[in-house]
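Here are my notes on this one, point by point. Have the model open while you read.

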Amino acid sequence: MTNRHLCRGDFLERIEMLAKGGQYQRILLREKDLEKDEYVKLAGEVLAICNKYGKMCVFHNFPEAAYRWDHPFLHLPLPVLCEMPADERAQFRELGTSVHSLSQAEQAEKLGATYMTAGHIFATDCKKGLEPRGLDFLRKICQAASVPVYGIGGITDENEALVTGQGAAGVCVMSGCMR
């Protein structure tokens with residue numbers, strides 16, 4: 001999961017390094033502060049890098065980027081997913097969202113989410129001052145969901161096995177891969 005403000009050095013060079021490496025399966029372009037047009041432009045650049053190395057690129061928040069680049073992978077905040085008409089949601093091969101409660105996970109599935117991120121699991125600078133939801137929360141989401149669930153928030157090499165041990169399909173890493 002990207003955050004170019006955490007990136008040390010050139011952001012696109014970091015994306016290329018991540019795409020070239022074998023550690024990550026996909027790159028979720030999550031640049032929350034960009035305006036739509038800026039995001040669409042950056043999305044095209046990141047998609048080209050990911051395609052070059054055969055890595056999945058997932059766009060975030062802007063369906064317009066997916067339409068512009070004819071791209072079938074999109075991750076939306078749950079409120080945005082709720083507003084998207086069913087016929088538009090059906091256009092995506094993968095459509096993910098972030099959940100923070102069991103009721104949100106149930107809602108996400110009803111809306112057609114094909115995967116979800118659940119968190120934040122551990123303390124993280126990205127959610128400074130907010131109590132982490134923890135492993136028990138993650139286990140409950142994983143048990144209730146019929147789609148893959150990825151843990152997010154404070155994930156490190158040291159605690160990744162704890163997250164997947166709760167039934168998570170995998171983990172999302174932001175700070176560790178951007179720095």
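1. Keep in mind that this is a predicted model. Among contacts in the chain between residues at least 6 apart in sequence, 51% join residues at least 24 apart. As for burial, 48% of the 179 residues count as buried.

2. On the overall build, the chain comes to nine helices and seven strands. Its radius of gyration is 16 Å, close to the 16 Å from the globule rule for 179 residues, so the chain is as compact as a globular protein of that length. The C-alpha atoms fill a box of roughly 40 × 40 × 30 Å along the principal axes. The accessible surface is about 9,200 Å², and carbon and sulfur atoms account for 49% of that.

3. Now the sheet. Seven strands make an open sheet, ordered E1-E2-E3-E4-E5-E6-E7, with parallel pairing. At the edges you'll find strand E1 (26-29) and strand E7 (170-172), each with a single partner strand, so one side of each has no neighbour in the sheet. Neighbouring strands are turned by 30 degrees against each other on average, ignoring direction.

4. Walk in from the E1 edge. E1 and E2 pair in the parallel sense through four bridges, and leucine 29 has phenylalanine 59 in E2 as its bridge partner. Strand E2 (residues 56-60) also pairs with E3, again parallel, over two bridges. There phenylalanine 59 stands opposite leucine 74 in E3. On the far side, E3 and strand E4 (residues 94-99) run parallel and are joined by four bridges. Leucine 74 has leucine 95 as its bridge partner in E4. A row to trace on screen, then: leucine 29 to phenylalanine 59, phenylalanine 59 to leucine 74, and leucine 74 to leucine 95.

5. Which way do the side chains of strand E3 (residues 73-76) point? Phe73 and His75 go one way, Leu74 and Leu76 go the other, and all of them are buried. E3 also closes a right-handed β-α-β unit, made with E2 and helix H3 (residues 63-68).

6. Two helices deserve a look against the sheet. Helix H2 (residues 36-53) lies across E1 and E2, and runs at about 170 degrees to E2. Helix H6 (residues 102-110) packs on the sheet too, touching E4 and strand E5 (115-119), with its direction at about 165 degrees to that of E4.

7. Next, arginine 133, in the loop between E5 and helix H7 (134-144). Is arginine 133 buried or exposed? Neither quite: its relative accessibility is 36%, so arginine 133 counts as partly exposed, the buried class being under 20% and the exposed class over 50%. Leaving aside neighbours within four places in sequence, arginine 133 is in contact with His100, Gly119, His120 and Ile121. Isoleucine 121 is 12 residues from arginine 133 in sequence, yet the two C-alpha atoms are 5.2 Å apart.

8. Finally, glutamine 166, which sits in the loop between helix H8 (160-164) and E7. At 16% relative accessibility, glutamine 166 counts as buried, since the cut-off is under 20%. What is glutamine 166 in contact with, leaving aside neighbours within four places in sequence? Leu135, Leu138, Arg139 and Cys142.

Key. Residues are numbered from 1 along each chain as its sequence is written. This is a predicted model: local features need pLDDT of at least 70, side-chain atom pairs count only at pLDDT 80 or more; totals for chains, interfaces and linings use all residues. Side-chain values use heavy atoms; hydrogens and water are left out. Buried means under 20% relative accessible area, exposed over 50%, partly exposed in between (1.4 Å probe, protein chains only). Two strands pair if DSSP finds at least two bridges between them. A crossover is right-handed if, with the strands pointing away from the viewer, the path from the first strand over the helix to the second runs clockwise. The radius of gyration is taken over C-alpha atoms; the globule rule is 2.2 Å times the number of residues to the power 0.38. Contact means heavy atoms within 4.5 Å. Accessible areas come from the Shrake-Rupley method with a 1.4 Å probe; for residues, only the protein chains shown count as cover. Axes are lines fitted to C-alpha atoms, for helices over the stretch in contact, and angles run from 0 to 180 degrees between N-to-C directions.
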